[in-house]
Amino acid sequence: MKSIRHAVLALAACAALVTAAEPLALTGTGGNPVSVKLEGKTTAVFFVATQCPVSNDYNGRMKELYGEYKPKGIDFVFVNSNSTESAADVVKHAQDNGFTFAVHKDVDNKVADRFNAQVTPEVLVFDKSGNIAYRGSIDDSRAAARITKRPLKDALDAMVAGKAVPAAESKAFGCTIKRAKKQS
Amino acid sequence: MKTLAVLIVAAGAMLAADLKPVSEATYPKMVAASKGKVVLVNFWATYCVPCRKEMPALVSMHQRLSAKGFQLITVSADEIEQEKDAAAFLDKTRVPAPVYIKRAKDDDNFINSLDPKWSGALPATFLYDRQGRKVKSYFGEVDLKLLEADVLKLI
């Protein structure tokens, strides 16, 4: 078990080396380019979906996190990488769910590929140097009543307080990101 | 006519999938219970479109190879709220028993105990030889030809 844990920690260390030297190149729902600079601030990037029931179960929790941590200086970026969900779908979904934040499209899932995001919802938190400080799930249960661990909240609390993140990684769970088919 | 109706109801009842809980503690016992067979454990969920898409092919493989000592075991990653839907899908797709539902004490530990390289994304499939040793992990939708070739090597 110890060796497995060591392997996971080694993977986490590798992940930390993936820095955000380049800004995130996203697309607004109006088709406009959106460039998100990650260095100089703490940024939480959420990979979300319109149709995934797991991601949708977290809509309320994402709104709460945004409401709680945005005023504490954390930037939030919501990304839809699913090739099967259009910009119009994203706009309607945001309106239907009362999002007070924008969700950007990740055309050809380039951002998801760059950071190896696999599912929705999945979160990456970047520190002020642009390094990944946390990646994984929001919490450990799709059903809010059965949550026992909140690794994202723990990470954000630590970063707001200027402390070390207690756990740099957790296993994200949800629907697989529907990637665009590569041209052969 | 009454007897026929009773028989139909009884047959329907027999078809209802009996999802047994499996945790990180009981998973090794679950695999060991099929010792002597080549075992394929498939993790899926009702919300996972590629999982639902590949399931009929896995069932077909079980039907063709079970006489040669092949056993398909499915583990649903659904929550309690979706358990009925999961059972309905298993019935509709005629997925053979045993069928399980993941009830992990700690999801990260469960996932890491199966394969630390597994992100937890579904579907995920694990192949075990007749001695119950894990031979291969498949993440995402499986290449069915490759999977069947791997299974046949072990049979």
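Trainee: What pLDDT does chain B average, and how many residues score at least 70?
Mentor: Chain B averages 90, and 90% of the residues score at least 70. The pLDDT is the predictor's confidence in each residue, from 0 to 100. This is a predicted model, where local features need pLDDT of at least 70, side-chain atom pairs count only at pLDDT 80 or more, and totals for chains, interfaces and linings use all residues. Residues are numbered from 1 along each chain as written, and chains are lettered from A in the order in which they are written.

Trainee: Why should residues 1-15 of chain B not be read in detail?
Mentor: Their pLDDT is below 50. Where pLDDT is low, the predicted coordinates should not be read in detail.

Trainee: What makes strands E1 and E2 of chain A a pair?
Mentor: Strands (E, at least two residues) are DSSP runs, numbered from the N terminus. Two of them pair if DSSP finds at least two bridges between them. Four bridges join E1 (residues 24-27) to E2 (residues 33-36) in chain A, so the two strands pair. They run antiparallel, and A:Leu24 stands opposite A:Val36.

Trainee: Which residue in that hairpin takes a positive phi?
Mentor: A:Gly31, near 95°. The hairpin has five residues between its strands.

Trainee: How many residues does each chain bring to the contact?
Mentor: Chain B brings 15 residues and chain A 17. Two residues are in contact if their C-beta atoms, placed from the backbone, lie within 7 Å. The predictor gives the complex an ipTM of 0.71 and a pTM of 0.81.
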